[in-house]
Amino acid sequence: MDQPTDVRELFQRFEGNPIISSADFPHMVNAVFNPGATEIDGRTLLLLRVEHRTGLSSLAVATSENGLTGWEIDPIRGLKPQPDLLEEHWGIEDPRITRIGDEYYVVYVGYSAFGPLVSLAKTRDFVDWQRVGTLHPPEDKDAALFPTTFDGRWALIHRPVPSATELGAHIWLSFSPDLHYWGESRVLLPARRGGWWDANKVGLGPPPLLTKDGWLICYHGVRTTAAGSIYRLGLALLDREDPSKVLARGNEWVFGPQAPYEQSGDVPDVVFPCGWILRDDGDTLHLYYGAADSVVCVAVASLSKLLSHLEEHPSRRESF
Ligand code: BMA
């Protein structure tokens with residue numbers, strides 16, 4: 001498909017984009033987007049948000065040998081909303097996968113009868129699931145766990161929405177001794193207001209990635225325009241020992257909707273990643289994202305270039 005290529009961009013679109021669409025499913029579905037990503041049994045696994053023709057979503061699995069081509073939709077694995085749970089009344093969406101030992105901790109949005117909330121389920125094989133339950137009540141979404149604890153406490157990045165929506169929606173950090181009781185909540189990355197590309201809403205993309213410089217964060221920033229919202233991506237870096245310390249935040253967005261499949265679809269002008277995988281060379285990063293709430297795509301970046309970019313484009317905390 002026609003798509004812009006500019007070698008100066010940090011993220012390069014894979015030429016085979018979109019890699020998965022509704023046409024790849026054996027039964028009729030409306031759209032497939034916003035995938036979580038991990039590796040299992042030597043294959044790349046995407047946990048896809050599948051929006052059915054009811055309008056409600058569930059999570060399906062696709063796997064590939066190389067993470068780029070040859071995707072196979074799995075007829076068995078995946079997670080369906082539990083019909084008797086009010087917390088999943090209108091489906092489940094946008095999973096972020098954190099691998100801890102042999103277990104995959106999947107933080108996802110439960111679309112409850114009272115608004116979107118943050119839920120956690122654990123699995124070893126994406127067939128059998130243990131629901132841990134709701135971590136944060138509505139309205140809250142865009143959440144992921146760190147793969148390590150900090151002084152014995154779990155850490156979760158999430159995005160509550162204040163009832164006064166004109167105050168913007170900001171990225172928060174909370175801690176828990178046991179994955180059930182959450183507190184010590186604080187704002188981590190605020191939306192920047194005014195003319196900024198991330199003025200109105202921000203939310204975490206994939207789970208934090210540990211690098212030599214600290215935890216790398218990729219987040220989406222929303223700017224509301226006369227024509228609707230534009231979802232673009234930016235980068236930030238958190239302290240390795242204390243993730244509440246923001247070491248750097250890029251001023252410029254680093255990836256935005258420019259290809260036709262990102263600019264048109266059910267929701268135009270959206271790139272929305274929920275997973276990334278650092279490949280065995282320690283530098284190649286595959287970013288998996290939903291485009292226009294319609295299809296699944298991948299973009300490729302060099303981790304060292306992302307970190308250098310943050311060194312060259314830091315933002316002082318006072319300016320955010
Ligand atoms: C966000 C989430 C995403 C969606 C995006 C654009 O609020 O609900 O699932 O991709 O909006 O519609």
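**Helix α2, the nonpolar cores and the cysteines**

In α2, the residues L303, L306, L307, H309 and L310 are buried, where buried means under 20% relative accessible area with a 1.4 Å probe and protein chains only, exposed means over 50%, and partly exposed lies in between. Helices (H or I, at least four residues) and strands (E, at least two) are DSSP runs numbered from the N terminus. The buried residues lie on the same side of α2 because they cover an arc of only 155 degrees around the axis; the arc is that of the directions from the helix axis to the C-beta atoms. The face turned away from this buried side carries the exposed residues K305, E311 and E312.

This is a predicted model, in which local features need pLDDT of at least 70 and side-chain atom pairs count only at pLDDT 80 or more, while totals for chains, interfaces and linings use all residues. Residues are numbered from 1 along each chain as its sequence is written, and side-chain values use heavy atoms, with hydrogens and water left out.

The largest nonpolar core has 27 residues, and L216 and L306 are among those with the most contacts inside it. Such a core is a set of buried Ala, Val, Leu, Ile, Met, Phe, Trp, Tyr and Cys residues joined through side-chain atoms within 4.5 Å. Elements that give two or more residues to this core include β16 (214–225) and α2 (303–312). A second, separate core of 20 residues includes F146, W197, Y219 and L238.

The structure holds zero disulfides, a disulfide being a pair of cysteine sulfur atoms within 2.5 Å. The sulfur of C274 is 10 Å from the closest cysteine sulfur, in C218, which is too far for a bond. C274 is buried, with a relative accessible area of 0%.
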